[in-house]
Amino acid sequence: MKKLFGVIGDPIAHSMSPLMHNDLFQHYKIDADYLPFHIKEAQLTDAIKGLKALGAGGFNITIPHKIAVMPLLDKIDPLAEAIGAVNTVVNQDGLLIGYNTDGIGYVRGLTEKIPDLSDRSVLMIGAGGAARALFFSLAKVGVKKLDIYNRTIAKAHDLISECPYAVDSNAIGKEQAEASLADYDVIIQTTSIGMAPHLDELPLSLENLRENAFVSDIIYNPLETKLLKEAKKRQARVQNGLDMFVFQGALAFELWTGIFPDPKRMKHTVERQLGGKQC
Ligand code: ATR
């Protein structure tokens, strides 16, 4: 019998997850459909109950429901619990289990470019929900240093102190981040700066960026943010948010089917839809 999968969010019309997962189901000859569900906050409880009653195999959760969905599930994976957000749900014999594949998905994408992170110093920009998933996952796999620059420094301190995995980390201000930028091998941008309506903004000056630094932005629309353009001008290697999107989806697909899908195929599907090439 055909299995049901989907993604719940508000808005949801522009989600590329249905395209990506339906292509994979077809490619791996799995009899399943993945649908977008536009669910408002007030309907979230009913929607989750409905998907459970219908026997959906699993689903993704996106903005703004990643936190609100947690008490509606039967069990939460420890990493998702620590992060405080769920983006993937698996229906295991009638029990809904919540996972977070965003952070580990990001790390998988990053290790495609930098296989050994253990001796790298990292500066993360931002301390919101996305930063939290990435920070905890990077701390879990282990990096040499993992500092945070955030506009509101108190939020960076909170994030660091709430991380369940030991890592050498400091919260720093903008001035210090800009002055000591050359100390970092990897810069990770997690805020909305660079996305409309902040297309022409930079979260910090790259004047002191190392020539061989790696600059990663979790934004993929646009494919190349102003930060990545500036980084390229300074001979840095860059990565946009497509890899994170693809790998979080690949890990979700693996949780649902037991198959780790071909990330190149997934990236190609998304790039075709976006009408551009990854930078
Ligand atoms: P998400 O879940 O996408 O991470 P979020 O939790 O609202 O969204 O976090 C947004 C992040 O972007 C925060 O780090 C925020 O900084 P503050 O903690 O100071 O609010 C950052 N951010 C958003 N807009 C910003 C701007 N215009 N300038 C600097 N930082 C900004």
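User: How big is the volume of the second largest pocket?

Analyst: The second largest pocket has a volume of about 160 Å³, the volume being the space filled by probe spheres set on grid points joined across faces, edges and corners. A pocket here is an open set of points on a 1 Å grid over the protein atoms alone, with protein on both sides within 12 Å along at least five of seven lines, and a lining residue has an atom within 4 Å of a point. This is a predicted model, where local features need pLDDT of at least 70 and side-chain atom pairs pLDDT 80 or more, while totals for chains, interfaces and linings use all residues. Residues are numbered from 1 along each chain as its sequence is written, and side-chain values use heavy atoms, without hydrogens or water.

User: Okay, and which residues line that second largest pocket?

Analyst: The lining consists of D77, L79, Y99, N100, T101, I104, K140, L251, E254 and L255.

User: Which helix gives the most to it?

Analyst: Helix α9, residues 242-257, gives the most to this lining, with three residues; helices (H or I, at least four residues) and strands (E, at least two) are DSSP runs numbered from the N terminus.

User: Let's pick L251: is it buried or exposed, and why?

Analyst: L251, which sits in helix α9, counts as buried because its relative accessibility is 9%, where buried means under 20% relative accessible area, exposed over 50% and partly exposed in between, with a 1.4 Å probe and protein chains only.

User: What is L251 in contact with, beyond its sequence neighbours?

Analyst: Once neighbours within four places in sequence are set aside, L251 is in contact (heavy atoms within 4.5 Å) with T101, I104, G105, R108 and F260. By contrast, Q176 lies 75 residues from L251 along the chain, and their C-alpha atoms are 36 Å apart.

User: Switching to sheets, what is the strand order in the one with mixed pairing?

Analyst: That open sheet of six strands runs β2-β1-β3-β5-β6-β4, and its edge strands are β2 (32-38) and β4 (75-76), each of which pairs on one side only. Two strands pair if DSSP finds at least two bridges between them.

User: How many bridges join β1 to β2?

Analyst: Strand β1, residues 3-9, is joined to β2 by seven bridges, and the two run parallel; one bridge partnership there is that of L4 with D33 in β2. Helix α2 (residues 44-53) packs on this sheet, where it touches β1, β2, β3, β5 (88-92) and β6 (95-99), and its direction makes about 170° with that of β1. Such angles run from 0 to 180 degrees between N-to-C directions of axes fitted to C-alpha atoms, for helices over the stretch in contact.

User: And which strands does β3 pair with?

Analyst: β3 is joined to β1 by four bridges in parallel, with V7 opposite N60 of β3, and β3 pairs with β5 in the antiparallel sense over three bridges, where F59 has V89 of β5 as its partner. Both faces of β3 are covered, since G58 and N60 on one side and F59 and I61 on the other are all buried.

User: What about the sheet with parallel pairing, which strands stand at its edges?

Analyst: In that open sheet of six strands, ordered β9-β8-β7-β10-β11-β12, the edges are β9 (171-172) and β12 (237-239), each with a single partner strand, so one side of each has no neighbour in the sheet. Three bridges join β11 (residues 214-217) to β12 in parallel, and V215 has V238 of β12 as its bridge partner.

Notes. 1 Å grid on protein atoms, 1.4 Å probe; cavity = no way out; pocket = protein on both sides within 12 Å on 5 of 7 lines; lining within 4 Å.
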